[in-house]
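Hello,

Here is the structure I promised to pass on to you. Have a look at it first, and then read on for what turned up in it.

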Amino acid sequence: MIYPANFEHKIAFEHIRKLLKENCISTLGESMIEKISFSNNYKQICLLHEQTEEFRQLLLFDTPFPSQDYFDLRQEWARIKKEGTYIDLEKLIELRICLQTIEQTRSYFLSRQEKNKYPNLLNLSQRFEFDNQWIISINNIIDEKGNVKDNASEKLQKIRQQIKSLEKDISINIKKILSQAKQDKLIDDNADITVRNGRMVLPVPAVNKRKIKGFVHDSSTTGQTYFIEPQEVFEANNLLQNLQIDEHIEIIQILTTFTEQLRPNLEIIAKGFHYLALLDFIRAKSKFAIQFNACKPIIVNKPIVDWQEARHPILEANLKQQGKSIVPLNITLGNTYFILIISGPNAGGKSVCLKTLALLQYMFQVGIPVPASPNSEFGIFNVTAPFSEKSEMRHHFSVTALELPRIDFAICVW
């Protein structure tokens with residue numbers, strides 16, 4: 001348990017979260033950043049830093065990594081778990097793109113396996129089985145533009161053939177009516193067929209609206225033109241509208257059938273989404289490392305501090321905007337010295353030193369690269385109980401204690 005409850009706010013860690021989120025591709029990665037938590041597990045901390053360092057090397061020295069189309073489909077996944085539901089067509093398009101991204105990212109790491117590049121990131125890619133059959137299945141339903149294919153089902157193909165044939169007949173008939181109306185001076189010479197309420201209509205001047213038999217669907221804002229469906233094509237347009245309804249129903253049936261096949265595999269595919277979320281999260285930390293010249297330090301499995309050139313990232317960024325440079329800190333605690341007394345005049349940097357120590361140690365133990373020399377040694381601390389409420393210091397300081405050999409070293413924020 002971190003003490004006090006607002007510790008992250010006191011050390012300005014929410015600003016670090018914000019910076020990380022700005023480097024994310026999607027809400028998938030942002031959700032991982034929200035879940036960042038303090039750890040004192042040596043192996044876990046090492047793994048987090050090794051993954052981030054591998055990705056940093058990838059961004060700096062390797063070919064471009066797939067860094068788009070990380071769609072967040074978790075809400076759709078929760079919705080289609082229920083029997084009788086079907087995946088939305090737009091989400092089906094996103095699913096295909098998302099699966100293609102998963103395939104591309106896995107291939108990126110697998111292709112570097114023989115060179116033993118990025119072993120920890122490769123391990124993430126090998127944790128789940130990826131079946132590209134789902135991409136093939138989706139491609140059988142929708143084309144490159146995301147439209148449902150004519151041959152997605154035999155019934156849909158027949159319906160669309162009927163629609164095309166009927167649309168052609170209606171077009172021929174209405175063009176004849178249009179041509180005759182122009183000869184009779186009932187319609188302007190530059191007028192053309194238009195569509196209102198999904199039906200083909202003619203733009204007729206208001207003075208001639210009673211001279212063409214048919215159904216008025218709309219009028220212009222000025223009332224000078226009426227859009228009339230000629231009586232001769234009325235029944236054909238009715239039939240066309242019914243066929244379009246049949247088309248819509250068949251598309252729903254196709255999506256329903258696909259969803260029924262997908263439903264037993266939702267949890268398996270969701271692992272792929274989690275994989276993208278992890279990659280987005282690790283990538284964001286790597287981008288942060290490059291942006292702030294942060295690193296993976298030497299990790300020591302004991303509670304020590306032996307830092308060189310440690311810098312507060314937020315303060316450094318603010319100073320850069322002012323054309324100023326930060327003064328790095330060198331701090332050693334835990335081997336020979338167990339207590340550090342910081343003294344000096346007001347505005348001399350005492351609070352900045354303490355906040356830098358608190359922020360960087362916290363960043364390190366949640367797996368974020370730290371702005372310090374890579375030769376710095378960062379140890380693992382355990383959170384301990386705060387000072388007693390009866391302690392006078394409790395009234396003057398907010399305290400988080402870190403466990404050190406023989407003594408508790410307290411990070412105090414004034």
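Which residues does Ser-125 touch, not counting those up to four places away in sequence? Keep in mind that this is a predicted model. Ser-125 touches Arg-106, Phe-109 and Tyr-275. Its place in the chain is helix α7, which covers residues 119-125. Ser-125 counts as buried because its relative accessible area is 0%, and buried means under 20%.

**The nonpolar cores**

Phe-109 comes up again in the largest nonpolar core, which has 83 residues. Together with Phe-13, Trp-77 and Leu-95, Phe-109 is among the residues with the most contacts inside that core. Helix α11 (residues 266-292) gives the core its largest share, 14 residues. If you would like one residue to start from, try Leu-95: leaving aside neighbours within four places in sequence, Leu-95 is in contact with Leu-73, Trp-77, Ile-87, Ile-138, Phe-258, Leu-262 and Phe-273. There is also a second, separate core of 19 residues, and Ile-163, Ala-181, Leu-186 and Met-200 are included in it.

**The antiparallel sheet**

One open sheet has four strands in the order β1-β2-β4-β3, with antiparallel pairing. β1 (194-196) and β3 (214-219) each have a single partner strand, so one side of each is left without a neighbour in the sheet. On average, neighbouring strands here are turned by 50° against each other, direction ignored. β2 and β4 (residues 225-230) are joined by four bridges, and Leu-202 stands opposite Ile-228 in β4.

Two helices go with this sheet. Helix α9 (residues 154-183) packs on it, touching β2 and β4, and the direction of α9 makes about 10° with that of β2. Helix α10 lies across β2, β3 and β4 and runs at about 140° to β2.

Pro-203 is a good residue to look at in β2, the strand of residues 199-205. Is Pro-203 buried or exposed? Pro-203 is buried, because its relative accessibility is 15% and the cut-off for buried is under 20%. Leaving aside neighbours within four places in sequence, Pro-203 is in contact with Ile-187, Ala-191, Asp-192, Thr-225, Tyr-226 and Phe-227. From Pro-203 to Ile-187 there are 16 residues in sequence, and the C-alpha atoms are 7.3 Å apart in space.

**Helix α10**

How far apart in space are the end C-alpha atoms of helix α10 (residues 234-262)? They are 42 Å apart, which agrees with the span of 42 Å that its 29 residues should have at 1.5 Å a residue. That expected span is 1.5 Å times one less than the number of residues, so the 29 residues are not simply multiplied by 1.5 Å. The buried residues of α10 include Asn-237, Glu-247 and Glu-250 as well as Leu-240, Leu-243 and Ile-251. Phe-258 and Leu-262 are also among the buried residues of α10, and both are in contact with Leu-95.

**The mixed sheet**

The other open sheet to look at also has four strands, in the order β5-β8-β6-β7, and its pairing is mixed. Its edge strands are β5 (298-300) and β7, each of which pairs on one side only. Neighbouring strands of this sheet are turned by 25° against each other on average, direction ignored. Helix α13 (residues 350-365) packs on the sheet and touches β5, β6, β7 and β8, with its direction at about 110° to that of β6.

Strand β6 (residues 305-310) runs antiparallel to β7 (residues 329-333), and four bridges join the two. In β7, Leu-329 is the bridge partner of Ala-310, and Thr-332 is the bridge partner of Asp-306. Two bridges join β6 to β8 (residues 377-379), again antiparallel, and the partner of Val-305 in β8 is Phe-378.

**A loop residue**

Last, please look at Glu-83, in the loop between α5 (74-79) and α6 (89-110). Glu-83 is exposed because its relative accessible area is 66%, and exposed means over 50%. The side chains of Glu-83 and Arg-263 are joined by a polar contact of 3.4 Å. Glu-83 and Gln-231 are 148 residues apart in sequence, and their C-alpha atoms are 45 Å apart in space.

Enjoy exploring it!

Best wishes

Conventions:
Residues numbered from 1 in each chain as written. Predicted model: local features only at pLDDT ≥ 70, side-chain atom pairs only at ≥ 80, totals over all residues. Heavy atoms only, no water. Pairing = 2+ DSSP bridges. Buried < 20%, exposed > 50% of the residue type's maximum accessible area, 1.4 Å probe, protein only. Polar contact = N/O pair within 3.5 Å; in protein donor to acceptor, adjacent residues only side chain to side chain. Contact = heavy atoms within 4.5 Å. Core = buried A, V, L, I, M, F, W, Y, C linked by side-chain atoms within 4.5 Å. Axes fitted to C-alpha atoms, helices over the stretch in contact; angles between N-to-C directions.
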